[in-house]
Amino acid sequence: MKNIIIAFSFITGVLISGFAQNTDALKLWYNTPSGKIWENALPVGNGFQAAMVFGNVEKEIIQLNEHTVWSGSPNRNDNPNALEALPEVRELIFEGEYKAAENLANEKIITKRSHGQMFQPVGNLELTFAGHENYTDYYRELDIEKAIAKTTYVADGVTYTREAFTSFPDRVMVIHLSSDKPGKISFSAALTTQHVQQEIKVNGENELSLWGITSDHEGVEGKVEFNALSRIKTNGGHISHTDHTVAIENANSVLLFVSIVSNFNNYHDISGNENQRAKDYLDKAYNKNFEDMKASHIEAYQKYFNRVKLDLGVTEASKLPTNERLKNFRNTSDPSFVTLYYQYGRYLLISSSQPGGQPANLQGLWNGNMKPAWDSKYTLNINTEMNYWPAEKTNLSEMHEPLLKMIMELSETGKETAKVMYGADGWVVHHNTDIWRVTGPVDGSFWGIWNGGGAWLSQHLWEHYLYTGDKNYLESVYPAIKGAAIFFTDFLVEHPTYKWLVVAPGNSPENAPKEHQGASITAGSTMDNQLVFDVFSATIGAAKALGRDKELIGKLEGLKKRLPPMHIGKHNQLQEWLDDVDRPDDNHRHISHLYGLYPSNQISPYSNPKLFAAAKNTLLQRGDVSTGWSMGWKVNWWAKMQDGNHAYKLIQNQLTPLDTLRGGGGTYNNLFDAHPPFQIDGNFGCTSGITEMLMQSSNGTVHLLPALPDNFKSGLISGLKTRGGFEIIDMKWNHGDLVSVEINSTIGGNLRLRTPNEMKWKSGEKLKNASGENPNDFFTVSEIKKPVISETSDIEPLELQTTYVYDIPTKKGKTYNFSIKKK
Ligand code: FUC
């Protein structure tokens, strides 16, 4: 890779000479400890266990999390009164009595039970190093190429080094303490916790144990029992203990292991033995040697991480510590900071979402609060889905598994909700869920009367197939995709005025027009229509791929024709609601009707250019600065708008220290996204958006370099995945031109390439221009209805950059090489 970068620097001339700092390119590093600020600490995790490493000198804090440590216990939160109230709620909406409908929904539809449980911390491992008050040469880093956090400093003439990682293969955390002189390591170790029901003790000579039960919450008894064990192995020195602490004196080096497991088996079974489980992992790891564990950890991590390499160039700005680069980013050219942030998103996904574990929640797998914001649970009207946008395209398909499994579980629990609340078949989930897979409506009508969770989530089931082509997998998830569609076949109702079939009650997440008395409850919001369109299309696509359910296909095709079309309103905007009530000065963080632009593929410049132009106006009217995740979403939208500079502007906004942007989010020193507070969705959303700037596999093609900003006119990327199973083995661009690209076909089929400049086969021959529909089924674009355009709108299609489109028939397993056709 390095050779390529050096060779490449000669071509571009934009990179600084010398690549000494390039070895540090994928590190977050700092010259000061975290102190008390959690958002300064550095996250490590293996999908099951996670920690925030503070890197404090005298009192090191390692804040611990485990993926199943949630408040409460198995429970449901349906409100069966909904069924009886449903006709009246609908009537009120259709009569324009929105406030009354909202009130009734609050009383009869919103849950009277749990609004969802909380993801809770385990506790801290605290290491106290007496006599280290005076230190120099302080440095700490998180190496995201190795998934290891490191702290070094000098005290009393001795250089101390601490390394910490959460091993992927060994499922325990490993902390190694060393120094450059023998016999110098002395400290005491303790486990602490904020849980009320807990027991902290020392087992034998060298093992700390923290056992606890999670909190009761909203009437649900906390029953998750967990055990954190920390065993200490010394080289030299002396070990002693009290009832609650273990002390080490004058060791040469020390290895600490932390194993945390709970009694959680699945969302309806918590009968496991946490103590035995924690001990088993610890026993297995304890006899291993540090260097071997480290090597196997790095190998397991890099299997995923190394699949994608990105280089956007390096400038002098990259030489500063991460917090200073963050401060400078808006006013300087630091393209490798974008690379770092991009790869950090991939790091965070690998570290918080592993097959067999829980999906990444609102904070991934990192939370230090007993009562975290929004319970750190799963918000399904954007946040949870956004977490998984980078999964397939940045070649981390396996990391999608925990979400896909959760969706399968929701397709079970959500059946009863569909039945008892709405008398419908299939399954439904509202705007939140948690580890117990609750599916009822929570928080209040304004937020909770949104039943699109199943429709949106099932797109993830379908998309995993579109990227992998795995028919056995599709077979296994088909019932859930179909079930999400079936719910809407029962739930849709004819709009008395327009005669279209609409979702009612529903909403356009968390937004409301003044004209609706400030109530969000509505019928046929644009997003709801788009979601139903997508879940029907996915079911049709899956049924066709599996050769199933002919009758259902016909039925769904018929229903799709009766859904409302999209509307272009009087401000030349894409309408958020069926009536033209959008305000051009509304800068609400949710722009849910642009779901159709991204992540969905219903608004395309090629097949519906006026809608595309309206979507742009909506984006402009909503403005740029907003909460972290909203800005992350906007990077994707501006990429879809093929406007690289505007997308870059959003990256700049997002990569701004918190409290700099008025009314908006930003980024903390540890590069966690700030809603504020910390929410991990913005990290993942932006990683997805950067990918969309470089490659999009939508609108029926694999579109290379669709939205290149002036700031990265030259660069290279390798390893991206596209729908239809193509892997971009390598792609280079220079001064805005696509120079060369190598693509592997993992499924076969037609590769329809769209490029910003003319390309040829690497061998020199001409490429075949594309014609007609793309015959590759993975690229089928479902035709949408013609939009309804307001009489006062004068919307015109936008002018697009010229592109070149080619058809390349491919064979599974073969690689294809293309290069620029000189002008
Ligand atoms: C949705 C958003 C909020 C926040 C919360 C977790 O409700 O509207 O901004 O991100 O989820």
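## A viewer tour: loops, a sheet and a pocket

Start with P676, which sits in the loop between β24 (673-674) and α19; helices (H or I, at least four residues) and strands (E, at least two) are DSSP runs numbered from the N terminus. Before you click on, note that this is a predicted model, where local features need pLDDT of at least 70, side-chain atom pairs count only at pLDDT 80 or more, and totals for chains, interfaces and linings use all residues. Residues are numbered from 1 along each chain as its sequence is written, and side-chain values use heavy atoms, with hydrogens and water left out.

Now add H675: a cis peptide bond links H675 to P676, with omega about -15°.

Next, select α19 (residues 681-694), which lies across β25 and β26 and runs at about 85° to β25. Angles like this run from 0 to 180 degrees between N-to-C directions, with axes fitted to C-alpha atoms, for helices over the stretch in contact (heavy atoms within 4.5 Å).

Show the sheet itself: four strands, ordered β25-β26-β31-β34, make an open sheet with mixed pairing (two strands pair if DSSP finds at least two bridges between them). β25 (695-698) and β34 (804-810) are at the edges with a single partner strand each, so one side of each has no neighbour in the sheet. Zoom in on β26 (residues 701-704) and β31 (residues 749-755), which run parallel and are joined by two bridges. V702 has L753 as its bridge partner in β31.

Step on to L705, in the loop between β26 and β27 (715-718). L705 is no glycine, yet its phi is positive, about 50°. At 4% relative accessibility, L705 counts as buried (under 20% relative accessible area; exposed is over 50%, partly exposed in between, with a 1.4 Å probe and protein chains only).

Jump to the loop between β21 (501-502) and α14 (526-546), where you'll find H516. P505 is in the loop between β21 and α14 too, and a cis peptide bond joins A504 and P505, with omega about 0°. E510 also belongs to the loop between β21 and α14, and has a positive phi of about 65° without being a glycine.

Is H516 buried or exposed? At 1% relative accessibility, H516 counts as buried. Leaving aside neighbours within four places in sequence, H516 is in contact with Y98, T522, D579 and V581.
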